[in-house]
Amino acid sequence: MSKIIASAAINGANKIVNMAERKWREAIDKYGPNQDVAFPDTAYYLPIIYGILGIPISKLSHMEKVFKICKDLLPEPVHKDCHLPYLGPVLDAGMATLFAEEMMEAIRYIENPDFYFPEEEPPEEKLWLGAANDIILRKRGIEFVDGTAPGFAAVVGSVPDNETAVKIATELIEKNLYVFMCAEYNGKRFAEQLKDAGLQLGWPVRLVPFGPEIYQAVFALGFAVRAAMSFGGIEPGDYRRILIYNKDRIFAFVLAFGYVNEEWYANAAGAINFGFPTIADTPIPQILPTGICTYEHVVSNIPHSEIVSKAVEVRGLKVTVSKVNIPVPYGPAFEGERVRKEDLYVESGGGKSLSCEWTTSLPLEEVEDGKIEVIGPEIDDIPEGSAIPMATLVEVAGREMQEDFEPILERQIHDYINYINGVMHIGQRDIVWIRISKKAKEKGLKFKHLGVAIHAKYHEVFSNILDKVQVKIYTDEEKVKEILEKARKVWKQRDERLAGITDEEVDTFYSCTLCQSFAPNHVCIVTPERTGLCGAFSYLDCRASNRINPTGPNQPVKKGKILDEKYGQWEGINEFVKKASRGAIEKVSVYSLMLDPMTTCGCCECIAVVLPLCNGIMTVNREYKGETPCGMKFTTLAGNVGGGRQIPGFLGHSKFNITQKKFLQAEGGILRLVWMPKMLKEEIKERFIKRAEEVGIPDLLDRIADETIGITEEEILPFLQEKKHPALELPPIM
Amino acid sequence: MNSEEKLILLDERLKLQQPQCGFGILEICCRNCVMGPCRISPFDGGPKLGVCGANEDTIVARNLLRKIAVGTSAHSDHGRAVAEALIKVARKEAPGYEIKDEFKLIKLALELGIDIKDKKTEEIAEKVGEVCLSQFGNQEGELIFTKRAPLKRQKIWKELGITPRGVDREVVEALHRTHMGTDQDYINLMKQAQRCALSDGWGGSMIATDLTDVLFGTPEPILGQVNFGVLKEDYVNIIVHGHEPLLSEMIVIASEDPELINLAKEKGAKGINIGGICCTANEVLMRHGISIIGNFLNQEMAITTGAVEVMVVDIQCIMASLPEISSCFHTKIITTSEKAKIPGAIHIHFTEENALEKAKEIIKMAIENYKNRKKENVLIPENKMDLVAGFSYESIYYILGGRFRATYRPLNDNIINGKIRGIAGVVGCNNPKVVHDQIHIKLVSKLIENDVLVLQTGCSAVACAKAGFMDSVKGLNYAGKGLREVCEAVGIPPVIHMGSCVDNSRILLAATCVVKEGGLGDDISELPAAGAAPEWMSEKALSIGQYFVSSGVFVVFGITWPTFGSKNLTKYLFEDIEKEVGGKWAFENDPDKMADLMLKHIDEKRKKLGIDKARERVLYDMAMRRELE
């Protein structure tokens, strides 16, 4: 820490803490101490304060003790001559800055609730997103854990022109990094520059405009703190582990564009606590010795053309970008980009034309590896704005390849095509919708490159089961119809194969401990009639995954002696769960919510909760943000039951599982379901009605309450009585 | 002072002693029984055996062991006094004292296996005091604090059979072994010397440091000043001198008494000014930022400024000449310890029970004496220098990482990457046989110039503070580029003040923290580190040196070396002992060459660790990051 930086950071911290305190006093006068304060839709309160200090702030009055801590942390100004050591004190000043800024932002949410747009993407007239909610956290945070996103760049200030901004942002996302943006320099902000240049912004494209001032740097660091708690399984208040987790796992850094003022220094000091260094484009003093960060702490005066590669080097980040030989950038960072109508060159599917994709296996000798064919017109032969038929047939072969792997491989096509910059992909099988942008076309992208991407990624990810991959892209309507017909037959067989298997007829289930990296005690048991709670792993998926990677997270588990048929307890399953949870979980009922329910990692699509008054069970999906009759929103529920805890009365499950036969078998199955959000009802309607018919109450869905009926047990009970909901006739649930 | 009065100061007395006894310098005389005294001739033809048949190896080794036992006794008796004080404070028998660092107390209690549940602070303190006190009389097993050493180090001690059992036991056994006709094997004698010294470093001294921290606070960085210029012409100047902070802490508290300050003002002074000499100075500097007047060799000169009303002393390194010198001025010399009286001094018996009262009495005496100061005799040199002190092994964690990332990592990292070449502990006394402070200053200056971070205690620390090495701004000008960069990053000077001479235990623990932080081997002996006591004079220094060697450190002494009378023993201590404990002794009088020896050793250790060459930057992918945990 150079003395200049130390002095500036301490001054900046003092300014920010004092300003926050002033705003807090004004807010107390205006709203009273009991005023609720919160970031939107999160179970982590004000996350830095909650994570580092373990203090849950939910009212204005709670802030008093945090301000005391801030004051205690703020060091004396650095003495001009012989001075005291300042590294430790400045790091503390940085933390005090972050605490103060979080409180200031929380007050902003009361005073100016529309300041931020709390969704994934800003609408046309708005820009700033503010704090990410827990849905975004779960969806995006996991990418920081599994390596899809190696980290983020917190970009503050602005660069001289939009072109440079776009160049830097592109370079960052090509390295799969997220770009978190805040702060103004020279009347401009980096996010505004990207917007002016016509870039799509938001979480799906990894370009996140947090806010217009330096204070919104806390949203980036708050995200990092939540990732450590949510995915690292670290308890709030365990500040050291949270910070070290970030140093070791989340490879983030600050890019400071423009004059670094005292407030910027104070925030940079806060970031250094996380092991996030600052790389500046101005000639500020450097801090080169290592220790708190992996390498240098502050590196300065770096030209814009070199700043991204310098930052990556300083942070010690090894970027592994898939080598996919196509004329446009490629990587997970482009997964979420849209191709808007005005940018569209050509599209396929989406109701406008026939479109499908299908992966199938063939004998080795019938596949020529690397052969990519376009059968029918190529992109150059097609006029701008067309909707064309397209069938993508991927044929694979390998000594280890099995038919069961086909659907798993097929499902990856969505990602692998989406990773292409300038290509949008939605759906699967015969409901695909692909759009290719004008820009991509200009850069030379052809249909065959879709095949190139699939070929490269299949080899990269599935090299242990695949030896050969060839891709045929049909754009001739007749051919497409032909392929579609064949594929539909295969899909039907696949579906029947899964639907046909019952838990009784297999002697082996599969475990899934994929999420133990962040929920160390959690063990999922996946059975033919109980898909994994994340919705991503069916029984067949687990079986295939085990064959692809025999030592991986999906292990076969022999059921062993049956202990209770109704609750779904087996000797072998219990033994396995005990061992795999390191003794934390003794027993598990695969079919019950009330007795030894299965643990939840936090990735569950829905959470079912007992409603005693209604003698029933409600379930709520992750996307539903409102209140529920159990008194908790999804985020609060996820915070309580996630992390691998076994809590009777609460159960994480997938949407698909609701219509599987063993769902809540011990409690009476879907007959117990008394409340679901309307959106969930809509989503599973078709399958649910089928299942309702099987249990003899075809109109069951209509007898289930939703938020339009009520969001308390008292509100929905009369409805259930009026509709004669079968749960009311079932034996008492408690 | 009248012009006809002649002061005989230390330099003069040294001159009068010349030539000093050659047999004594070589340590080849034995007075352990009255068949003697015997002496071994260093020349051909003279007697090669004492009356009992002891040769020079036995005699020199016995003499060294006795010296180490005395040094251990001095530190350890100091530690014992603090333990007793803590117990009295806990029992509320020591008005004025309090437990300042409860956190450290609890940490200690847990380490000592004391049940703290539902116990009051005083109860815990009493128990901690008792357990620590029991370490002195412990007869079997191992001293508890030896468990703090790196595991590899503990294993080495165990295998050699030199893990200390009890402090008193090791001292007694040392004395027993040197009795006529007992241990006559110089290597076996040195084994006990090692065990005895270890009972000082990882026993008595460590207890002294830790319990002093509990009572008076663990040092945290603090600013101070050093040199004669800190004496104030218009103030009542009181000098605290000696070693135990029990006395000086109370003097500091009493000096802040508004009544006494008023009294001083009534008597024409502007206030009361406390200054320190020797390790007492270091203790009050570390915790209160009280100015240091000087080190060991400054004690007589301090009186000759004519501006000192009272010099109050306790134990160790206090010159017998003080009352005689003070008789030429108005200064009163007050002894306070039952263990240390000097003819001609006023004795005020100072105990924990009467501490505050006696401290006030002493200050009153000083105030009353202010009127006797003769203006024409006052000559206060203007020299003074700023410094930052207050480094403990605990505070380093905070200094390097703040509250939330407290760590030694930056230190280790920058040693590994070579910005810091190594660590040196430069400690010890002053000796009038060389120009005052000069060896310290020249040695340390060369070390920091070569990017070696220097940790200091005792009179050596005061010497380098006077030279400006501990000024966090000026000190940087003396540091090499790499070291300077790290110091600027952290905001520290290149030379770190870690306290008094019992606080060398802090250096042992800081070294252990470095080992435990990782990346620099598994033991203190693997660190790129070295120690020195370039101007040593006391037996305590030998004990310190030996416990550092036995803890795996390369230690260089200046001035003279007490085993030159025995080639075999010298070869053992300078060479062979390294194979056993990883550390060894060396002698060198020239500070330039002394630094070279230390640098050479540091470089060898760097090479062994494989950090002698620049390393490629490691870039981490996801799989590598997962392995970081």
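Visitor: What makes S14(B), helix H21 and S15(B) a right-handed β-α-β unit?
Guide: In this predicted model, the path leaves strand S14 (residues 529-533) of chain B, passes over helix H21 (residues 539-550) and enters S15(B). A crossover is called right-handed if this path runs clockwise with the strands pointing away from the viewer. The unit in chain B is assigned as right-handed, so its path is clockwise in that view.

Visitor: How do you know that S14(B) and S15(B) pair?
Guide: Pairing needs at least two bridges between two strands. Four bridges join S14(B) to S15(B), so they pair. The two strands run parallel, and B:Gly531 stands opposite B:Val555 in S15(B).

Visitor: What makes S16(B) a partner of S15(B)?
Guide: Strand S16 (residues 584-587) of chain B is joined to S15(B) by four bridges. The cut-off is at least two, so S15(B) and S16(B) count as paired. They run parallel, with B:Val556 opposite B:Ala586.

Visitor: Why are the residues of S15(B) called buried?
Guide: A residue is buried if 20 or more other C-beta atoms lie within 10 Å of its own. B:Phe554, B:Val555, B:Val556 and B:Phe557 are all classed as buried, so each has 20 or more such neighbours. B:Phe554 and B:Val556 point one way from the strand, and B:Val555 and B:Phe557 point the other way.

Visitor: What makes residues of domain 1 and domain 3 of chain B count as in contact?
Guide: Two residues are in contact if their C-beta atoms lie within 7 Å. By that test, 37 residues of domain 1 are in contact with 33 residues of domain 3. The domain assignment gives domain 1 as 51-216 and domain 3 as 405-609. Their C-alpha centres lie 23 Å apart.

Visitor: Which element gives the most to the domain 1 side of that contact?
Guide: H3(B), with 15 residues. Helix H3 (56-90), helix H6 (151-160) and helix H8 (186-216) of chain B each give two or more residues to this side. By class, the side has 20 nonpolar, 10 polar and seven charged residues.

Visitor: How many residues does each chain bring to the contact between chain A and chain B?
Guide: Chain B brings 38 residues and chain A brings 38 residues. On the side of chain B, H19(B) supplies the largest share, five residues.

Visitor: What classes make up that side of chain B?
Guide: It has 19 nonpolar, six polar and 13 charged residues. Asp, Glu, Lys and Arg count as charged, so the 13 are drawn from these four types.

Technical notes:
Residues numbered from 1 in each chain as written. Chains lettered and ligands numbered in written order. Predicted model: local features only at pLDDT ≥ 70, side-chain atom pairs only at ≥ 80, totals over all residues. Buried ≥ 20, exposed ≤ 12 C-beta atoms within 10 Å, placed from the backbone. Domains from an automatic or database assignment.
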